[in-house]
Structure formats: structure tokens, C-alpha cells
Amino acid sequence: MSAAGSLVTQVVIANRILAREEVVDAYGHVSVRHAERPDRFLLAVSKAPELIEPQDILEFDLEARPLARDPRPLYLERFIHAAIYEARPDVMAVVHAHAEDVLPFGITKAPLRPVIHSGAFIGAHVPVWDIADRFGDRTNLLVTDMDQARDLARTLAKNNVALMRGHGFAAGARSLIDVVRMSVYLPRNARVQHKAMQLGEPKPLSQGEIESRLSGYRPDSPETQRAWRYWATRAGCASLLDD
Ligand SMILES: [Zn+2]
């Protein structure tokens with residue numbers, strides 16, 4: 001299979017994993033930057049991630065316009081992906097989701113922090129983007145154009161994740177495996193932090209611990225591949241792994 005074909009398969013697997021791990025439901029999406037054309041990315045048409053097949057994946061430019069004419073509806077919030085790829089040349093994969101466990105941290109002053117070792121990937125600082133700050137109270141909270149998406153990307157800045165007030169999160173990473181892994185552990189980290197806050201003041205990971213965790217991490221390591229294979233198998237798409 002060609003590199004582009006393989007990437008399509010990988011993004012299908014990523015969709016199925018995020019659905020199985022309940023990071024996304026009928027809504028939410030994951031994309032990957034094109035391997036040879038950094039000004040393009042691969043994202044599905046408007047369909048629930050659990051149901052996505054290779055033929056559902058389209059190429060988009062960095063204004064979130066599909067490269068080929070296609071009659072199928074597109075995700076309303078595809079602009080999130082375009083703006084993050086535009087602002088962050090280091091980001092190779094993006095997730096946008098509405099995972100419930102992260103939402104309390106977007107509507108209160110309690111900052112989401114990495115509190116478990118697998119949460120280190122979210123980084124020391126998780127900014128909160130409030131669409132109302134710049135676009136007022138007449139939006140439906142969805143990111144439906146490049147202007148809104150670029151504002152979100154500015155809040156994300158150099159961080160790995162931004163929470164979106166009353167809505168969800170956007171995450172960017174240097175590979176599909178990285179962004180899936182971070183998106184799976186982000187709600188888990190949020191759950192643990194929330195439970196801990198009921199008991200007392202949680203102790204987050206220190207900057208040194210976060211850096212140590214990140215410096216020892218490689219996307220192609222056996223440990224990381226083990227997780228990808230496990231999640232793909234749970235999601236019922238183990239047969240796609242060797243495509
Ligand atoms: Zn959304």
C-alpha cells in the first residue's frame with residue numbers, strides 16, 4: 001500500500017479507537033497531516049467516527065476546503081484542524097472531541113493539570129479558550145469558520161491541548177499515535193483530578209517529571225506500539241493494522 005493509502009488506514013483506525021474509548025461519540029473527529037504535502041490534511045466526511053471507512057477520508061487544504069468535489073456533507077468544525085496545522089508546523093495530527101470529563105475544567109477556574117503519569121502528555125499548562133471572548137454571546141459555541149478556528153489556535157499556542165469552554169477540547173501532537181494516546185488519557189486524567197479535588201488539593205506532576213516522561217517516549221517504541229495494537233483490537237479493527 002502507498003504511504004498515502006497507509007495514512008488513510010491509520011486515520012480510520014484512530015477514528016475507531018477514539019470511538020471505542022469513548023473520547024468521541026456521534027461527534028468529534030481526528031485528522032492527520034498529509035505525509036508529502038504539509039499544506040494538506042486527511043479528515044473524514046461528516047460521519048460518526050465509529051462508522052468511518054477508508055472511502056470516507058478526504059484531503060483538505062489549510063483553509064479546510066476539500067481538494068476534490070464530493071457531494072457528502074463535511075464536518076462543520078473542520079476549520080479547527082486547518083487552523084492548528086497552519087499555526088503549528090510541528091503538529092502532525094489533531095483531535096477535536098467533547099469528552100464529558102474534561103468539560104468541568106473549561107467552565108470553572110480549576111485548571112486541568114497532569115496528575116497521573118499517563119497524563120504527562122497533556123503538558124504542564126492546558127489553556128481554556130472561550131469563544132465568547134472574541135465572538136460574543138451570539139455563537140452556538142461551535143467553531144464554524146477560519147476566523148474562530150485561528151482564534152482557538154492562538155489560545156492553544158505551543159501547548160498540546162486547549163479546552164473549549166462549554167464545548168470540548170482540541171489537541172495537537174507530532175503523530176496520530178501521540179494524539180490518540182493523549183486524547184484517551186486526557187479524560188482519564190480529568191477524572192482522577194476531579195476525584196482528588198473532592199479529597200483535598202491534588203499534587204500535579206512537576207515540570208521535571210513531565211519532561212522526564214516526554215523525553216523517554218518514542219512513537220515507534222514497543223511500548224507505544226503495544227498500546228496502539230491493544231486499542232485497535234478492542235475497537236474491532238485489528239485486521240487493518242497490517243494494511
Ligand atoms: Zn465540537
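Here are some exercises with worked solutions on this predicted model.

**Exercise 1. Find the strands at the edges of the sheet, and say what one of them pairs with.**

Step 1. Start with the layout: seven strands form an open sheet in the order β3-β2-β1-β4-β7-β6-β5, and the pairing is mixed.

Step 2. Look for strands that pair on one side only; these are β3 (57-61) and β5 (128-129), the edge strands.

Step 3. Now follow β5 inward. It runs parallel to β6 (residues 161-164), and two bridges join them. Within that pair, Val128 has Leu163 of β6 as its bridge partner.

Step 4. Finally, add a helix to your picture. Helix α5 (residues 176-199) packs on the sheet and touches β1 (29-33), β4 (93-97), β6 and β7 (168-173). The direction of α5 makes about 150 degrees with that of β7.

**Exercise 2. Describe how β7 is paired with β4 and β6, and work out how well β7 is covered.**

Step 1. Recall a general idea: strands of a sheet pair through backbone hydrogen bonds, in either a parallel or an antiparallel way.

Step 2. Take the β4 side. β4 and β7 run antiparallel and are joined by five bridges, and Ala97 has Phe169 of β7 as its bridge partner.

Step 3. Take the β6 side. Here the pairing is antiparallel over four bridges, with Leu163 opposite Phe169. β6 and β7 make a hairpin with three residues between them. In that turn, Gly166 has a positive phi of about 65 degrees.

Step 4. Remember that side chains in a regular strand alternate between the two faces of the sheet. In β7, Gly168, Ala170 and Gly172 point one way, while Phe169, Ala171 and Ala173 point the other way.

Step 5. Check the burial: six of the six residues of β7 are buried, so the strand is mostly covered.

**Exercise 3. Explain what surrounds Arg78, and decide whether this residue has a salt bridge or none.**

Step 1. Locate the residue: Arg78 sits in the loop between β3 and α2 (79-87).

Step 2. Search for an opposite charge. The nearest such side chain is that of Asp61, 8.1 Å away. A salt bridge needs the charged atoms to be within 4 Å, and Arg78, although buried, has none.

Step 3. Look at the backbone too. A polar atom of the Arg78 side chain lies 3.0 Å from the backbone oxygen of Ala64.

Step 4. List the contacts beyond four places in sequence: Arg78 touches His29, Phe41, Leu43, Phe60 and Ala64.

**Exercise 4. Show why Asp178 and Leu240 both count as buried, and name what each one touches.**

Step 1. Begin with the cut-off: a residue is buried when its relative accessible area is under 20%.

Step 2. Apply the cut-off to Asp178, in helix α5. Its relative accessibility is 9%, so Asp178 is buried.

Step 3. Find the partners of Asp178. Its side chain makes a polar contact of 2.5 Å with the side chain of Ser175. Setting aside neighbours within four places in sequence, Asp178 is in contact with Ala173, Tyr217 and Pro219.

Step 4. Turn to Leu240, in the segment after α7 (222-234). With a relative accessible area of 17%, Leu240 is buried as well.

Step 5. See what lies around Leu240. Beyond four places in sequence, Leu240 touches Thr9, Val12 and Ile13. Thr9 is 231 residues away along the chain, yet the C-alpha atoms of Leu240 and Thr9 are separated by 6.9 Å.

Key
Residues are numbered from 1 along each chain as its sequence is written. This is a predicted model: local features need pLDDT of at least 70, side-chain atom pairs count only at pLDDT 80 or more; totals for chains, interfaces and linings use all residues. Side-chain values use heavy atoms; hydrogens and water are left out. Two strands pair if DSSP finds at least two bridges between them. Contact means heavy atoms within 4.5 Å. Axes are lines fitted to C-alpha atoms, for helices over the stretch in contact, and angles run from 0 to 180 degrees between N-to-C directions. Buried means under 20% relative accessible area, exposed over 50%, partly exposed in between (1.4 Å probe, protein chains only). Lys and Arg count as positive and Asp and Glu as negative; His and the chain ends are not counted. A polar contact is a pair of N or O atoms within 3.5 Å; within protein, one must be able to donate a hydrogen and the other to accept it, and residues adjacent in sequence count only if both atoms are side-chain atoms.
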